[in-house]
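I set out to examine how the copies of a chain are related, how they meet, and what lies in the interior. My entries follow the order in which I looked things up.

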Number of protein chains: 4
Amino acid sequence: MANSFGHLFRITTWGESHSGGVGVVVDGCPPRLPLTEADIQPELDRRRPGQSKITTRRMEPDTVQILSGAFNGKTLGTPICLWVKNEDARPEAYLEIRDKFRPSHADFTYFAKFGIRNWQGGGRASARETVGRVAAGAIAKKILRLRFGVEVLACVKQVQKIATDIAIETVKASDIESNIARCPDQAAAAKMIRLIERVRRAGDTVGGVITGIARGAPAGWGEPVFDKLGADLAKAMMSLPAAKAFEIGSGFAGALMTGRRHNDPFRATNKKVFTKTNFSGGIQGGISNGQTIYFNVAFKPVATVMHEQQTVDVRLQNTTLKARGRHDPCVLPRAVPMVEAMTALVLVDHALRHKAQCR
Amino acid sequence: MANSFGHLFRITTWGESHSGGVGVVVDGCPPRLPLTEADIQPELDRRRPGQSKITTRRMEPDTVQILSGAFNGKTLGTPICLWVKNEDARPEAYLEIRDKFRPSHADFTYFAKFGIRNWQGGGRASARETVGRVAAGAIAKKILRLRFGVEVLACVKQVQKIATDIAIETVKASDIESNIARCPDQAAAAKMIRLIERVRRAGDTVGGVITGIARGAPAGWGEPVFDKLGADLAKAMMSLPAAKAFEIGSGFAGALMTGRRHNDPFRATNKKVFTKTNFSGGIQGGISNGQTIYFNVAFKPVATVMHEQQTVDVRLQNTTLKARGRHDPCVLPRAVPMVEAMTALVLVDHALRHKAQCR
Amino acid sequence: MANSFGHLFRITTWGESHSGGVGVVVDGCPPRLPLTEADIQPELDRRRPGQSKITTRRMEPDTVQILSGAFNGKTLGTPICLWVKNEDARPEAYLEIRDKFRPSHADFTYFAKFGIRNWQGGGRASARETVGRVAAGAIAKKILRLRFGVEVLACVKQVQKIATDIAIETVKASDIESNIARCPDQAAAAKMIRLIERVRRAGDTVGGVITGIARGAPAGWGEPVFDKLGADLAKAMMSLPAAKAFEIGSGFAGALMTGRRHNDPFRATNKKVFTKTNFSGGIQGGISNGQTIYFNVAFKPVATVMHEQQTVDVRLQNTTLKARGRHDPCVLPRAVPMVEAMTALVLVDHALRHKAQCR
Amino acid sequence: MANSFGHLFRITTWGESHSGGVGVVVDGCPPRLPLTEADIQPELDRRRPGQSKITTRRMEPDTVQILSGAFNGKTLGTPICLWVKNEDARPEAYLEIRDKFRPSHADFTYFAKFGIRNWQGGGRASARETVGRVAAGAIAKKILRLRFGVEVLACVKQVQKIATDIAIETVKASDIESNIARCPDQAAAAKMIRLIERVRRAGDTVGGVITGIARGAPAGWGEPVFDKLGADLAKAMMSLPAAKAFEIGSGFAGALMTGRRHNDPFRATNKKVFTKTNFSGGIQGGISNGQTIYFNVAFKPVATVMHEQQTVDVRLQNTTLKARGRHDPCVLPRAVPMVEAMTALVLVDHALRHKAQCR
């Protein structure tokens, strides 16, 4: 297992879907940052199941407690432990999967790796694990905003075939939060919501694409040749449950362009450098160039569907399985705060690393 | 800077395009592995500039020397230092870029970060840096083959608009190496070669897509929740020069499918588990499931084009720049061994990590 | 801050003396190890304040809870979070040190580093932080015993001027635990106890030396050239509160011997190698040689004394300070389980690292 | 193997005594630092065998080459590879140890660990490995001097029974370098030199103690709870060949004092805090307090003696061994630059870490 992420702003998450809870230890947070639970809870509320009619109906209040690292409302520079209790534990709902591996879930691979698994839900592989990431990301976002003037955003760009263009430079958090699909194009959002409702009724699921954005980062963040900023963002996103693809700037479309067309010409006004286009996605040679950073992350459809499926059991016999109860027709709206959190964690870490070597 | 990659099989690359050379230190290689320069040189020859009419004409023999870590043809378990001298140093070819930032190169961002750069070529940001990766990757490939029975391959799937389907389960190294485009579809390869030649004559460049494949990996490799196998592959690929996108298994296309269709049903024959489809790309929950691992990496067109372009100089004045001499119309064929190397490095590292905790 | 230790068996501790508690996340524990709170609590009881008349009278039950990583009494291979609530919070006892730096405590240096500190006790610098280490060490000890046949022990060798020789090869845990000084020489123990009681009454404190022992480790553990087994033990011990010195095998006394006398001759019986003497302390070239590993750690006298002392306040004015209430006359008996825990953590980590590269 | 040291100023050493050479890659060096071989060579000359009549007579010029990371005499911020060729390779001198394990050397443990070893000398376990450390340390010392105003020194305090007191606050580099024993007390130095010469003639060896000193470090360096400054210094020193013990500040002697006597009273003059005594050795709670940092390191006598000794061979049969040729009667004078190098490496790394989180 590898449950730590980051070098200087380093998080370690812990917890399973059915255990004493889920949480995170944040090591390396700068001291004297104002911090209370009120800074963190709103992000957890955005991630929470049951928050709208298009997410899973599993209900968890997901109330965060700061167990250490802050004193009188300020960070101490010591490790911050955040804890969210598990409340909605209904192990009996999982009796059927005790002996069967759910298709395209991690049941089989965890069992193959560890020779044991907590079958009461997804265990460590449950999306519930991201509670710790989102909680830590709330701190990272605050540091970026207060100390570096960087804004981190994410939004739903596509749900199955319903897609829209995201205005990278101008989209606002309020536009994103104004609907339960978290898509800033209100017309597209309405279609997405209808699609997800239809899919839910059909006992099926859909995937899609989230766009991540960071505005205001200075030129100079990123640590080539391995910890390039885009490489670390790719890893961060691909470590999220259900993520299948990542592209930065022009991405796959860039492979269709010629160099003459793809190159971003530099211009300067008042000694301030900018690029006329931004196919680079704000990163060149693995280092931020001062332009807006943007990227897309594709998520597969959620694996739990309300239909009988072929699978094998723990004795490696062929069998079938039909999920019961609640299912999550589309993870995209809840994945938006996860993408923001991971983006913020990568950027804060790189901000501190850059400061250490180059300032 | 962050010039190390891997946890237990850990490489540290060093060198600039114009310095005493480029190289790598491999730490954590298992002892008693047969190893001489003859194991490494062929991979460097595949990466070498000037190897065919469709690559850059910069000529470098790129002869590798093992400076440490092996004795009488076997590894000692101690760090292996590999060194390739720089031969084709022509700093005068770079005089014009001494004071100008080439568009969509790393000249500007390195200068913004470090306040200094080696303007004699790309310096550390040159693709020449990948010599160390490919050399270390040759060792990783050998370990995977001899000790784990895993085969790693990559091939060109697309050059600009010319694309083909790759037969993930059956494509052979000899098919890939049978043409200079490194595309196993000979008809497509011929088209790609013609396209690249035309683009070269036009002083322009094209990008494309490489498919990476690993066959034979057992179920159980991968370290959730952050060092998921797909996340580490994503980071490895996105750390390559010019990489812009990564997708594993169904990737972006998976976002268009429903869960019922996307799930890979498990089946078992003689107590051996397999999946009927492989949209997962051989990885579920971040852990290999025993099926073939496959993914795509998109590369942007090379930034050096033989046309005048707008840019700024080091005094932040607007100016123009026209590259002179040789250029590389398409990096794809030479990037194939780089993708293989990074894939092998990720897999060996995960093989050792799995062994440490779970065997 | 750096609150993680170990590479493959990696712990991250968190918590201050006055916060929501203290704890640890253990990442990398092998799966399927039997584990309940009953494996951990006894070690915490040995570390607990108030356990005997010669320790501090601060009373804390220090009851451990496993929040994650185990299921039905077995480890899952996922991160194990252990939590001990803080109960004895009496911030008013610390009002006087709110504005003053206690001499030879970490009050001043934490303030100098972070610009803030939790003045309600030692905060993160309190020995209370070692709860997490001892809890994690209990797991490490169990792995060493069950999976590697290695026994880890520590005992008090010296309290101020009262010293004894420790029989490295034969001393037993029951001898050590048979008195509250944790010194296996019962006569010396009686003298140590009398000394500590006298010192307590005088409002003063004493330091001493603890011997750490590991028996049964095979030849081959240790990772030169930097993570030599002795180097990692040195770091582990010197990271304990109040530790001032470390010596392995012959230690400082070895500097007085000649090479002829100091060398440990190898002998073999039935193909089993051993050394006739063990000045090396079971480690040669940074790698275990199969003999008993032993070392000494010196602890300074506890800094809190019941006498007026010169110091400065937070406004950097000269002043005096007199501690009130309870004090700990000698940390040695309670430091024994800490030394054992850190020894076990180092050894398990090296056992796994050795397995990864060389088995 | 673990051949990297440091987090932000990170070195990776490589090479064996009989291979293509020894060297180091320095990753994380700040950019724009003036650097040429002339900054490094003098430190290697102080470490070089054959430099005086009291060291081994093995002659190696040990000429360093900068292979990467500097341009026009300044560091680039990219990895700096330093290389020293091996010149004095006489494998025939080692034929006898091909099949025998030298007592108290690492021959046996390396073979036990790796199942193979380079028997042409000490291989990776040779003190020759420290060339890379000393070369990297020269850069670290320069950074400390130029950017942080910190001076690092070491000197010989004791050779076997001949010991002297070191004036921690006032001893000068020129005093240390004024004699070949590197002991600033000229009378003691003369005795040490005579002792070493006598021991050499007797074919024997002696050990001793080196004092390390760092003056000028600000309060605030050190990363509790595991990477305490004293803990990292302990590890650094105990990773040196032949090191057996480490003590900081009062060290073992501190265990004999009472708390009242051992505490260092704080005083302030003109808002500048200092301590009246310095039993803490400049570090409290793992963080520098602004006073002089000092510590002792004990080295065992060199294991190679010119006398027949009992040992076993690779077939695990009892046998005897008598070393031939040249031997090193005392490693202490040559270990002085090694102690300085490791001290500087620890301090630079901590300076950068502190800057990252707290400035």
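The entries below cover symmetry, interface, core and one helix.

Conventions. I worked on a predicted model, in which local features need pLDDT of at least 70 and side-chain atom pairs count only at pLDDT 80 or more, while totals for chains, interfaces and linings use all residues. Residues are numbered from 1 along each chain as its sequence is written, and chains are lettered from A and ligands numbered from 1 in the order in which they are written.

Symmetry. I superposed chain B on chain D by least squares on the C-alpha atoms of residues with pLDDT of at least 70 in both. The operation is a rotation of 180° with 0.0 Å of shift along its axis, and the RMSD is 0.0 Å. This is the relation of a two-fold axis.

Interface. I took two residues to be in contact if their C-beta atoms, placed from the backbone, lie within 7 Å. Chain B and chain D each give 33 residues to the contact. On the side of chain B that touches chain D, I counted 11 nonpolar, 16 polar and six charged residues. I noted that 100% of the interface residues of chain B are also interface residues in chain D, so the copies meet through the same surface.

Core. I found that B:Leu345 touches, among others, B:Phe5, B:Phe9, B:Ile11 and B:Ala236, residues up to four places away in sequence not being counted.

Helix. I looked up the residue just after α3(C): C:Gly149 has a positive phi of about 65°. Helices here are DSSP runs (H or I, at least four residues), numbered from the N terminus.

Conventions
Helix = DSSP H or I, 4+ residues; strand = E, 2+ residues; numbered from the N terminus. Nonpolar A, V, L, I, M, F, W, Y, C, P; charged D, E, K, R; others polar.
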